[in-house]
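Reader: Could you walk me through how to read a fold like this one, feature by feature? I am happy with coordinates, but less so with architecture.

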Amino acid sequence: MLIGVDSYTHEADLPAVARSLRLMAEALTAEGTGVMAPGELVVLPGPNGHGPGTVDSLEVVRALRDAREQVDGLLIVYFAGHGMVRADGTDLHLLFSPSQVIADPHHPFVDALSWREQVMAELRRARADWVVVVLDCCFAGNARLDFHPEEQQNFALLMAAEQGVEIPPGDPATGTDFTVGLHRLLTARTWASKPATFTRLVGEIREAMAPLKAVHDHRWVPGERRHGDDVLLAVPGRKHGREPEPSEPAGTAHGTGPPALPSAVGEGASAAPARPLEGETGSGTGSAAEGHPARTVGATPKRPPPSRRYRALCAAIAVACFAGAGVLLSLGGGPDRGCAPPLELRVLVDPDILPTVQKAADSYLGRSTGGCRAVGVSVYTGSSTDVVDALQAAPLWQVPPASCPPSGDCLLPQRDLGAQPDVWIPAASATWRRVLAGQSEAAGAVAELERLGSVAYTPMVLAVPTGAGREPSPAVRPAPLADLVAGARDGGAEHHQVLRPDPEDGDGALLATTALYGTDDRRPTAVEAALADDRLPAQPTARDLMCGLADGSRNELEDEAAVLIPEQTMALFNLPSADREADAVGRPACASDILEHRTARYPTDVPVLDLPFLRVTWAGAERDATARERAVRGFYDWLVKAPEARTVFVRDGFRTGPSGKPSLPPAASPLKAKANEGAVSLLLPPANPATRPEQVTATLRDYRQALGPGRVLYLLDDSTSMEDNRVWSGPGRAKDLVARSTAPIGPEDSFGVWGLSPGSAANHTELVPFGRPEPGPARAAVGRAPAVNKNARVLDGLRDGLSELRSGPQGPVPRLLVLVTDDEDSADLQREDVLALEESATEGPPVRVVTVSLRGGGCAPDQLNQRLAEATGGRCLDVSDDLATELTAEVARTGTGDAR
């Protein structure tokens, strides 16, 4: 169902949508790669529409309901059109030809469809095995706020851009940018290409859109949400072209444009276009001009009907929103329609090993099987601590809690990680043992873990800069990690800042932190104070950390920082650029030639990362248990035995060998490259003792408490403009953001909430007095707070807040000042006042300032919000961010949360 609205009564017309409509039709039915026949498309506006390019909301509702009831295979809804949200960024509406935006603050949209109340409400009740929605419109990313599929539903959502982002209208000659990118990715797949699964397509479209800019010069990053299994959206082209179809009816016309678009549902639908489409007859800008073979247009050739299971209604709702559309794709119409869908293996991995395991999975799927593919593989990741928590509470993966507290702080594995895995590959066996040690009997009965063996190996190392113009020195004798770190920081003529990825995200960083905390004469607080550097905050993975160092804006750290990372990561970043040396294969794209070469120092008290392969068996999943077990074991056997699998891991710097016994690296390994001569030890140190689960658990607790109790003060703009602008009360508004973000504040932390209207304290009102209040009553007090008919004293409140936070304990105490405002009372501040405040914010004990602007553009350069955040190492958040999540994360950097 392609809905193309290129004309509007009350909004700007979007002529590029007409071209996007043709591109989407071609993408769905393209020779060799398309998954549909032309007769399986339904087009709105149809022949009985109200005028060229016009669609009304009632037509769309009827079509969605038909799709909901009729489709039992794959349902893809593609919407391209004007998208609008309320002033507070909530309740995305899709606009149609007669839609209007009026001044009524309670019901601002007329003749439009609410994503939350109408579109999502219809699709979550769909009978289809899979539902895929693609939104190419302004504010498409706001749909994520109301993405609530049914518990057992397979549902994927691809959004043209991030939350709060508007996108340009596109070029009428070429189409909207996002749809052009999708068309290219879906139709340009060759025989050697990987199938376009939803997960793979997300990565590809993000890479394709990265060079472009959205409106207001915002970065262009498509968003996504997925619940349940992955799904196939295009297939690789045939090696020698598509088999010929039955003869075409007499009189069929040929042209370079996309196929004609049918206007009715069903296998026998007429192929006559709903309205003339430019470029269908030989002249114009069709696919042949773009390097694709010419398509036959006109009557649809007869072809065998798809089976009932795979028959699907394909709805592509192309409506225009400065780019946008809603579509339904079918697996039943593609060139490989004789094959059943493959069994999909879900492989959950540690973040540090994701790139390599993804390459291995791609190689596995690329094998020649001589027929239909029997198994698909989806590789995904999540923070190590989230995975451990989820598996220790495995029943929540199948039956989530009925409700969460208002803070949103509850364990929801499907939300936080994704579908329940068939395979789990952590970086270290210690993580698997930690799950078993903390797993209840009930959780163990729901998710049974079976270790099949190790996939590959790499030790953690302290990678120390070699020094400009010097050859790598022989590897320092292995020693306890704390001694290696002390030697790098304080020994000899050079003093290196030591950095490490976030221990909550990856196994390697957590095991290294356990070794540092494990020495009696070193306290976690001192360790964390020594490892912190505001020039490069903790990154989630070792690769992210090295990419941060390679950023030319941090040259001092490029030359000076010693880093705790896996040996394979260091070896890859040591490789030269491709134009300097032939053995640069595997060098990360973010690496730069000015990044200092590093030499590995090997700790004796950090276990080697051994990448254990764990089969996860779920209670209640007996229907295909035998086939799934066979697929899991087959994938494991291939990973550890197949030469092509070994090659993937070797080229990424991992060591391979019999289970438990890493071998010497072969010649193809970057460990043997000239760039790493003398920088690595080909022989590993003697086996390190296993780290006990309780040690790691204690480390995680100590890490969260490392700098002692935090101090958090909220400054809440409570002027009447907040209420007038509808950003004061309700989900996602100011008071809700403050209340929810207090979740990471622990019992030893201090916090308070001040209103910025004048009160008894002259410059503010104490909604929650600063101290250690009970969280529940404090949140309730914030929820009851009224807006005040006075102007907010933003500058005075900020000065008083900085003073309050600095008046407590001295030393490395985390301090955070949070300003939540609509910016109305700070818009006209004098520049000298802003500069004076910025100067005072950087004097004395450090206080991070996080500003939350509840209007678009609130983080513009050189404005108060951004200046304060940059000066104090804080952050400026506005409506383009996921405010609830990001603000809570910022508070978590200061509070101790649930650590006890």
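**Reading the fold step by step**

Author: Gladly! Among contacts in the protein chain between residues at least 6 apart in sequence, 76% join residues at least 24 apart. Please keep in mind that this is a predicted model.

Reader: How many helices and strands does the protein chain have?

Author: There are 27 helices and 29 strands in the protein chain. As for burial, 55% of the 900 residues are buried.

Reader: Let us take a sheet. In what order do the strands of the open sheet with β16 stand?

Author: To read a sheet, follow the strand order first and then look at the edges. Here 5 strands are ordered β16-β15-β17-β23-β18, with mixed pairing. At the edges stand β16 (375-381) and β18 (447-454); each has a single partner strand, so one side of each lacks a neighbour in the sheet. On average, neighbouring strands of this sheet are turned by 25° against each other, direction ignored.

Reader: In which sense do β18 and β23 pair, parallel or antiparallel?

Author: Antiparallel: 7 bridges link β18 to β23 (residues 612-618) in that sense. For a concrete pair to display, try L449, which stands opposite V616 in β23.

Reader: Which strands does helix α10 lie across?

Author: Helix α10 (residues 429-438) lies across β17 (423-425), β18 and β23. Relative to β18, α10 runs at about 160°.

Reader: Now a single strand. How do I read the side chains along one?

Author: In a regular strand, side chains alternate between the two faces of the sheet. Take β27 (residues 815-821) as the case: R815, L817, L819 and T821 point one way, while L816, V818 and V820 point the other way. The strand is mostly covered, with 7 of its 7 residues buried.

Reader: Which strands pair with β27 in the parallel sense?

Author: One of them is β24 (residues 711-716), which pairs with β27 in the parallel sense over 6 bridges. In that pairing, L716 has V820 as its bridge partner. Another is β28, also running parallel to β27 and joined to it by 6 bridges. There, T821 has S853 in β28 as its bridge partner.

Reader: On to helix packing. At what angle do the axes of α25 and α26 cross?

Author: For a helix pair, read the axis distance, the angle, the handedness and then the residues that meet. The axes of α25 (residues 831-841) and α26 (residues 864-872) come within 9 Å and cross at roughly 20°. With the cut-off for roughly parallel set at angles under 35 degrees, that makes α25 roughly parallel to α26. The crossing is right-handed. From α25, the residues R831, V834, L835, L837, E838 and A841 meet L864, R867, L868, A871 and T872 of α26. Sorted by class, this contact has 7 nonpolar, 1 polar and 3 charged residues.

Reader: And α22 with α27: at what angle do their axes cross?

Author: At roughly 40°, with the axes of α22 (residues 734-741) and α27 (residues 883-892) coming within 9 Å. That makes α22 oblique to α27. This crossing, too, is right-handed. L737, R740 and S741 in α22 meet L883, A884, L887, T888 and V891 in α27. By class, the contact has 5 nonpolar, 2 polar and 1 charged residues.

Reader: I also like to check backbone torsions. What should I look for?

Author: Most residues other than glycine have a negative phi. Against that background, look at F139, with a positive phi near 60°, in the loop between β7 (130-136) and β8 (154-159). Look also at D862, with a positive phi near 70°, in the loop between β28 (848-853) and α26.

Reader: Is F139 buried or exposed, and what about D862?

Author: F139 is buried, at a relative accessible area of 13%. D862 is partly exposed, at 42%.

Reader: One last residue, please: which residues is D878 in contact with beyond its neighbours within four places in sequence?

Author: D878 touches S853, R855, G857, G858, C859 and L883. You will find D878 in the loop between β29 (875-877) and α27. D878 counts as buried, at 10% relative accessibility. The C-alpha atoms of D878 and G856 are separated by 6.5 Å, although these residues are 22 apart along the chain.

How values were computed
Residues numbered from 1 in each chain as written. Predicted model: local features only at pLDDT ≥ 70, side-chain atom pairs only at ≥ 80, totals over all residues. Heavy atoms only, no water. Pairing = 2+ DSSP bridges. Helix = DSSP H or I, 4+ residues; strand = E, 2+ residues; numbered from the N terminus. Axes fitted to C-alpha atoms, helices over the stretch in contact; angles between N-to-C directions. Contact = heavy atoms within 4.5 Å. Parallel < 35°, antiparallel > 145°, perpendicular 65-115°, else oblique. Left-handed = near helix turned anticlockwise from the far one by under 90°. Nonpolar A, V, L, I, M, F, W, Y, C, P; charged D, E, K, R; others polar. Buried < 20%, exposed > 50% of the residue type's maximum accessible area, 1.4 Å probe, protein only.
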